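Reader: Got a minute to walk me through this one? I'd like to start with a single residue and work outwards.

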Amino acid sequence: MGIEKLHLEDALEDSPQTRSLLSVFEKDAMTLKKYTTGLHNCCQRIMKAQNELCAATQSLSQHLRDFEIQKFPLESDDSVLSSTLKQFSSYLDDVSSIQQVLSAQFSETMMYPLSRFLQADLEEVTTLYEMFQMASNEHDNAMNRYMRLPKKRESERQRSEHNEELYLMRKKFHQTSLHYYSSLNALQYKRKCSLLEPVMGYLHAQRAFFQMGQDAVGKKEIEDFLNNISTSVQGVQQEMKAETKKTVELIDSLEQQSAHLYHAEPMVDMPYIPPNTTLTQKAGYLYVRSKQLIATKWERSFFFTVGGNLMSQTRGEAISTKTNGLAGSLVLDLNEPGVLAEPHESDDRRFVFQVLSPKSKRNIVLQAENEREKDEWICTLNNIVRESGYVKGKQGSQAKPKERTPSANSLSKQGSGSVSPDQGSLGSMSSTGGQALPRTPAPTPSSSFVAEAPIQFDLLSPTSPNGGVTSSLPGPPNPNPRINPFDQSSNEVLDTLDSAIDSATFVESFVVRFLGSMEVTTDRGEKLVHETMRQIMAARAIHNVFKMTESRLVVSSECMRLIDPATNTLRTQFALADISFWAAHPENTRLFGFITRTKAPEATHSSFSCHVFECNISAEEICQAIGTATKLAFQALMQRKLPPGVGKEKKAMEKIHQVKTREKHLLLQNIQQLEDAPEGEEEEEGGSLHNLPLSPDGKYLVLTAADESEDAFQSGDLAQPMENLTVEPLKQTISDSFDTEDVEPESEA
């Protein structure tokens, strides 16, 4: 089929038929421009969508990689889900790279030809259209002026000017018409190429994209990976269905079992449930009365018993899942003597009871939901007080009494630092804020921490001789009384330690800050010390504990002690024999810890506690000092454990050698004085002899030190008669006698 064209030969004539045909070509060009603009917008959307898809794929890949750095409280660090998402992320990176290639191909093969057709060809036709209209109007105006010229000869000059103007305008109109007609004719060919090239480029780019995608994503390993993940997901879905079924059954069972708990006070037609009077541990919501000026206020709080203490916790306080303990506030230390729970009447309210503490002069008024809850709380608190120990009991069962840990309030009031041997040697409560400290999680078979072991963040200064907590309530004696290994009288301890330090062969002093301590199950292990440091530092961060007790650590070959730098009083001491292991932190060079052994007088086994400190210098220096002190102490201990005969014989030989050396030196000095006397002057010689040290009877020359006893002179072993004394033979005799250790001393001459 032929293509319609404008005849260039008819451009100059510009007949109405030519103008009519030209208007048809102009209308076609305008319609083509409008359509091409719409096509360009569609392709532009595809380009934007492809770029957005590429960016979205990259964002998805990055988000999958970020899963492993998220701190999910219930997700383990080595989760399978994390590694699976990371693998998916690598595959998505490959897909994103292919999508980037597709986006570049769209830009080159689809958008570029279409943009060129719009901006070059169609815009050229529009510009020529405007120029053609201007040239046509100018030609018509020049023609009109020329045709209005008069017949007079005087207008010859005007006729020449108008003729020249008409020449120029007609030439310009003809040239513009030729270019305009040719552009319209070429546009009929360009429309087919310019409209087909973008679509053809789009399909070529898609075919290349699918081919690269098949090569990148159609691998055997990806297929196996997807099959494994699909099987795993189906297994999880089946487990979820089974768990959902169990959950529904459990919900139905709990609803049936809890029907009697929905009423705060049981209905009359409900069966009677007696209170359990054997409980030694209880938790639940109670209303506590507080005074505000002249009025009273009742607030609802969660109360629980832990470590022999009555604690409370508001609903807004967080539960520390890291240390498996409750962060609550101390209400009352049940270790205090005379604590009693009993019914009470207050503010015309029902089910009210009170907890009295004569020592702290406190009266805590509480309200339960019903009579049964009130009776159980009263019995539980009295059971704990009566047994005078921390009891881990279960509902409906009688548990064997165990020891309780005194709170910081009771310790500070009683001036005692005693703690339970099986709960560490530094106590279980902090003296900052009266909050219960975190406890370690329940131990696994390979765990080195004691179940529910408390962490102490502050040192307790010993002030009483025994440090124990006494109780005025009747009851059997505690089989394992709590002791405080740090508790000694300050004066006695300082006097003893001063004498010990004076006799020590090694002493070094360091400034340290106490971070915390907790009980452990073994007495050594570098990993154990490092894990204890991590537990204590995490607990301090969770509970916002910033206070640290600064002390002066004195390490000697006799003992190791902590001294208050302000008052120079003893805070605590450690026998070197009780220090079993010490280590510095592998990364933080200012942290170190050591493990000590504590054994109660009547206990059958020892307990171990790990204490963590911070210092201003390298912790390795302190560890080296502890190592040097323990080495010297061990050598001294082994020396003391030598057989009796070996030790005495060695000491006797050393003493004999020292005595002989001293006597030899003294005797040589005396002989030197004899040699210096002038010969022939008997009086002076006699005077010189009389100046020598003589025995009381004047017969013998004293050859020993001044502190020798008189028996040494009378025995004749170390003296000679004055009348037989001559200088030269005496010097030879002295040399022979002191050079030969086994020669018996001469008797009297």
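Reader: Which residues does S177 touch, not counting those up to four places away in sequence?
Author: Bear in mind that this is a predicted model. S177 sits in helix 3, which covers residues 156-217. Setting aside residues up to four places away in sequence, S177 touches A11 and F132.

Reader: Is S177 buried or exposed?
Author: Buried means under 20% relative accessible area. The value for S177 is 0%, so the residue counts as buried.

Reader: What does the side chain of S177 reach, and at what distance?
Author: The target is a backbone atom. A polar contact needs the two atoms within 3.5 Å. Here the side chain of S177 reaches the backbone oxygen of F173 at 2.7 Å.

Reader: Let's move on to strand 12. Why is it described as largely enclosed by the rest of the structure?
Author: Strand 12 runs over residues 549-556. It is largely enclosed because, of its 8 residues, the number buried is 6.

Reader: How many bridges join strand 12 to strand 11, and how many to strand 13?
Author: Strand 11 (residues 507-520) runs antiparallel to strand 12, and 8 bridges join them; one pairing there is E508 with V555. Strand 13 (residues 559-563) is also antiparallel to strand 12, and the two form a hairpin with 2 residues between them. V554 has R561 as its bridge partner in strand 13. So the counts are 8 for strand 11 and, for strand 13, 4.

Reader: Which element gives the most residues to the largest nonpolar core?
Author: That core has 24 residues, and V512, L553, V555, M560, F592 and I622 touch the most other members. At least two residues each come from several elements, including strand 11, strand 12, strand 13 and helix 9. The top contributor, with 7 residues, is helix 9.

Reader: And which residues is M560 in contact with, leaving aside neighbours within four places in sequence?
Author: M560 is one of the core residues that touch the most other members. Its contacts beyond those neighbours are L553, V554, V555, Q573, F574, L576, I579, F594 and I626.

Reader: Where does pLDDT stay under 50?
Author: The protein chain averages a pLDDT of 76, with 71% of the residues scoring at least 70. One stretch under 50 has 198 contacts beyond four places in sequence in the model, and another has 15. They are, in that order, residues 389-446 and residues 737-749.

Note on methods
Residues are numbered from 1 along each chain as its sequence is written. This is a predicted model: local features need pLDDT of at least 70, side-chain atom pairs count only at pLDDT 80 or more; totals for chains, interfaces and linings use all residues. Side-chain values use heavy atoms; hydrogens and water are left out. Helices (H or I, at least four residues) and strands (E, at least two) are DSSP runs, numbered from the N terminus. Buried means under 20% relative accessible area, exposed over 50%, partly exposed in between (1.4 Å probe, protein chains only). A polar contact is a pair of N or O atoms within 3.5 Å; within protein, one must be able to donate a hydrogen and the other to accept it, and residues adjacent in sequence count only if both atoms are side-chain atoms. Contact means heavy atoms within 4.5 Å. pLDDT is the predictor's confidence in each residue, from 0 to 100. Two strands pair if DSSP finds at least two bridges between them. A nonpolar core is a set of buried Ala, Val, Leu, Ile, Met, Phe, Trp, Tyr and Cys residues joined through side-chain atoms within 4.5 Å.
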